[in-house]
Amino acid sequence: MSDGRALDRLAFEALNAAELAAIAAERLAGRGDKTAADQAAVDAMRKGLNAMSMRGRIVIGEGERDEAPMLYIGEEVGSGEGPEIDIALDPLEGTGLTARGMPNALAVLAIAPRGGLLHAPDTYMDKIAIGPGYPEGVIDLDASPSQNVKALARAKGVDVRDITACVLERDRHEDIIADIRKAGARIELIPDGDVAGVISCADPDGGPDIYIGRGGAPEGVLAAAALRCLGGQMQARLHFRTDEERKRAEKTGISDLDRKYTHAELASKDCVFIATGVTEGLMLNGVRRGPDYVATESLVLSSVTGSRRIVETRRPL
């Protein structure tokens, strides 16, 4: 069976794993315990992954083996029969959002043939991303934020005042925000969830034009998988705060610690990306409970077929 056919066949099973995680996490929404919500999502997603007909390996997970009880980097999941699959996941992107009952929390995963997703360490990553339709090289991670929004405005044929940049609301981004505003562009600040932030820039129904900022490296790989399906451009570079983080990167096999990656290098093979809404959000509806059912809404992207699906599922209670 070809890699593409294998991914398409597994997409429905992977969707089930994301839905189970979202349903489990939503039960703890607004209860103030982000650790419990995350653990519930991890447990449920692991159950779904182990039901999949594959020889799966976690390359982006909840942490290293000694730090995470399950869904750790390197863990093997699946039935043990079928294609060899690499998995990047975040069972609950937005643990704090969920604990506070705030919008835009997601259960996220991506699957690709073995070797198709970068085994990134759990460190920070500098990122810049735009949607499809622009010439290569419009954005550059080494250029300033103001230079990038101006270059994007020229490529889009609009005034820079018509450009909106999506940025995580963090103290570390104060200089980025100031530089973008100095150029005249608008800012859309998000409290959490930079995977959704990157995806929003490639949303055909409209959204911000560019994502700029520093977030988690695991989330960067997940975002790159989504962009491989949607089209667009992304550049990223690992950011290390300590020597321990550098050693962690070297342990995963990364030798060039200053390398600038494109999304096609972070997600180097065909992939399927899935996000299921946990709490109500701009991109997806959250988990909804009826008198005798629970409903989820998910985004399913495939680079094999180029498809973008919104899937609503109702399960009996």
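The following exercises, with worked solutions, concern a predicted model.

**Exercise 1. Determine which residues of the annotated binding site also line the largest pocket.**

Step 1. The UniProt annotation "binding site", from an unreviewed entry, covers E93, G94, T95, Y124, R170, D171, R172, D192, G193, D194 and G216.

Step 2. Of these residues, E93, G94, T95, Y124, R170, R172, D192, G193, D194 and G216 are included in the lining of the largest pocket.

**Exercise 2. Establish whether G94 is buried or exposed, and describe its surroundings.**

Step 1. G94 is located in the loop between β3 (84-93) and α3 (95-99).

Step 2. The relative accessible area of G94 is 6%. Buried means under 20%, and G94 is therefore classed as buried.

Step 3. When neighbours within four places in sequence are left aside, G94 is in contact with A105 and D192. D192 is also covered by the "binding site" annotation in the UniProt record.

**Exercise 3. Classify the exposure of T95 and list its contacts.**

Step 1. T95 lies in helix α3.

Step 2. Its relative accessible area is 22%. Partly exposed denotes values between the 20% and 50% cut-offs, so T95 is partly exposed.

Step 3. Not counting residues up to four places away in sequence, T95 touches K34 and D38.

**Exercise 4. Describe the packing of α1 against α2.**

Step 1. Two packed helices are described by the angle between their axes and the distance between the axes.

Step 2. For α1 (residues 3-26) and α2 (residues 34-50), the angle is about 155° and the axes are 7 Å apart. Angles over 145 degrees count as roughly antiparallel, which means that α1 is roughly antiparallel to α2.

Step 3. On the α1 side, the contact is made by A17, A18, L20, A21, A24 and A25. On the α2 side, A37, A40, A41, A44, M45, G48 and L49 take part.

Step 4. The crossing of these two helices, α1 and α2, is right-handed.

**Exercise 5. Describe the packing of α4 against α5.**

Step 1. Helix α4 (residues 145-156) packs on helix α5 (residues 174-183) at an angle of about 40°, with the axes 8 Å apart. The two helices α4 and α5 are therefore oblique to each other.

Step 2. P145, S146, V149 and K150 of α4 meet I176, D179, I180 and A183 of α5. The crossing of α4 and α5 is right-handed.

**Exercise 6. Explain why helix α6 is described as largely enclosed.**

Step 1. The buried residues of α6 are D194, V195, A196, G197, V198, I199, S200 and C201.

Step 2. Eight of the eight residues of α6 (residues 194-201) are buried, so this helix is largely enclosed by the rest of the structure.

Note on methods:
Residues are numbered from 1 along each chain as its sequence is written. This is a predicted model: local features need pLDDT of at least 70, side-chain atom pairs count only at pLDDT 80 or more; totals for chains, interfaces and linings use all residues. Side-chain values use heavy atoms; hydrogens and water are left out. UniProt positions are given in the numbering used here, feature names are shortened, and annotations may be inferred rather than shown by experiment. On a 1 Å grid over the protein atoms alone, a cavity is a set of points where a 1.4 Å probe fits but cannot get out, and a pocket is an open set with protein on both sides within 12 Å along at least five of seven lines; lining residues have an atom within 4 Å of a point. Helices (H or I, at least four residues) and strands (E, at least two) are DSSP runs, numbered from the N terminus. Buried means under 20% relative accessible area, exposed over 50%, partly exposed in between (1.4 Å probe, protein chains only). Contact means heavy atoms within 4.5 Å. Axes are lines fitted to C-alpha atoms, for helices over the stretch in contact, and angles run from 0 to 180 degrees between N-to-C directions. Angles under 35 degrees count as roughly parallel, over 145 as roughly antiparallel, 65 to 115 as roughly perpendicular and the rest as oblique. A crossing is left-handed if the near helix is turned anticlockwise from the far one by less than a right angle, and right-handed if clockwise.
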